[in-house]
Amino acid sequence: MSDKKVALITGGTTGIGKAIAHKLAISGYDIALNYYVGDEQAASVVKELEAFNVRVIAIKADVSKYQEVEQMVKEVVTKLGNLNIVVNNAGITDDALILRMQEEQFDRVISTNLKGVWNVCRHVSKVLLKSGYGRIINISSVTGIMGNAGQSNYSAAKAGVIGITKTLARELASRSVTVNAVAPGFIQTQMTDKLPETIINNVLEQIPLKKLGHAEDIANAVAFLASPDASYITGQVISIDGGLAM
Ligand code: NAD
């Protein structure tokens, strides 16, 4: 068995999750990649990460399903021997203004983006408390802080993630497990590629740094929070948004 630290990243095969997986693999962590769709994509990211000389597994599981998450966490510990860093990154959008949003749209986004984070935290907490080195890093969003027209479901979930983060920071602190959130602004990924150009231009005007962020900007902060250098930081929300929320 390896004595390397093990990191689990949910939704780890695309966008921000993939960039986080790369950064943590380069930093020397063994990697468990959770994904939900796209077996071929997952296999290809596993290959890319193995090039960094770390152990990598991919586990298909829907984070919104309590029992699938329980199985996933058991599989990580069985196959990689430990679990130290957990990055709750999986997320979806399903936007509409409140007068048009259907109940199913609200439920779907809450199930994945809020219940999904709780499911993972519920199942990893015991393992992290025992592991001797534990970190939870939750990916929230600037919209969980500021709100955003058309995202009453998404911003509610992302604000809820901040609530879970602060609560677990208090509950798990006795054994030095830290729990923090990162709140990305507008980052160039398939999630923001869906937005119309007019919305992007409007957003750019409001961002002091006048540009969208890159997935690597988020990955760098996550790697710092995962590292021993961040051991006295817990219960915090770090905004990485070009100055949008301040
Ligand atoms: P993305 O669509 O590339 O990544 C989301 C990943 O989550 C995908 O791989 C998807 O398959 C996975 N996923 C979705 N539902 C899942 C489920 N039920 N179980 C397991 N995996 C599931 O988009 P991204 O931009 O890389 O988003 C990553 C995270 O960052 C999300 O939580 C998102 O809300 C957050 N975020 C993104 C931005 C942005 O501007 N891109 C801004 C703020 C926050």
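**Close-ups of a predicted model**

**View 1. The annotated binding site.** An unreviewed UniProt entry puts a "binding site" feature at N89, Y154, S155, A156, A157, K158 and I187. Keep in mind that what you're looking at is a predicted model. The next two views pick out Y154 and K158, both of them listed in that record.

**View 2. A closer look at Y154.** Y154 belongs to helix α6, which covers residues 152-172. Is Y154 buried or exposed? Its relative accessible area is 9%, and the cut-off for buried is under 20%, so Y154 counts as buried. Leaving out anything within four places in sequence, Y154 makes contact with I92, T93, V109, N113, S141, T143 and M191.

**View 3. A closer look at K158.** Helix α6 is home to K158 too. With a relative accessible area of 3%, K158 is buried. Setting aside residues up to four places away in sequence, K158 touches N113, I139, S140, S141 and G144. N113 and S141 may ring a bell, since they also turn up among the contacts of Y154.

**View 4. The largest nonpolar core.** Here are 33 residues, and I20, L24 and I31 are the ones touching the most other members. Several elements chip in at least two residues each: β1 (6-9), α1 (15-26), β2 (30-35), α2 (39-50), β4 (85-88), β5 (135-139) and α9 (215-226). Which of them gives the largest share? That's α9, with 8 residues.

**View 5. Around L24, and a second core.** Not counting residues up to four places away in sequence, L24 touches A7, I9, Y29, I31, V87, A223 and A226. Apart from the largest core there is another one of 28 residues, including V6, L8, V124 and I164.

Notes. Residues numbered from 1 in each chain as written. Predicted model: local features only at pLDDT ≥ 70, side-chain atom pairs only at ≥ 80, totals over all residues. Heavy atoms only, no water. Core = buried A, V, L, I, M, F, W, Y, C linked by side-chain atoms within 4.5 Å. Buried < 20%, exposed > 50% of the residue type's maximum accessible area, 1.4 Å probe, protein only. Helix = DSSP H or I, 4+ residues; strand = E, 2+ residues; numbered from the N terminus. Contact = heavy atoms within 4.5 Å. UniProt positions renumbered as here; feature names shortened; annotations may be inferred.
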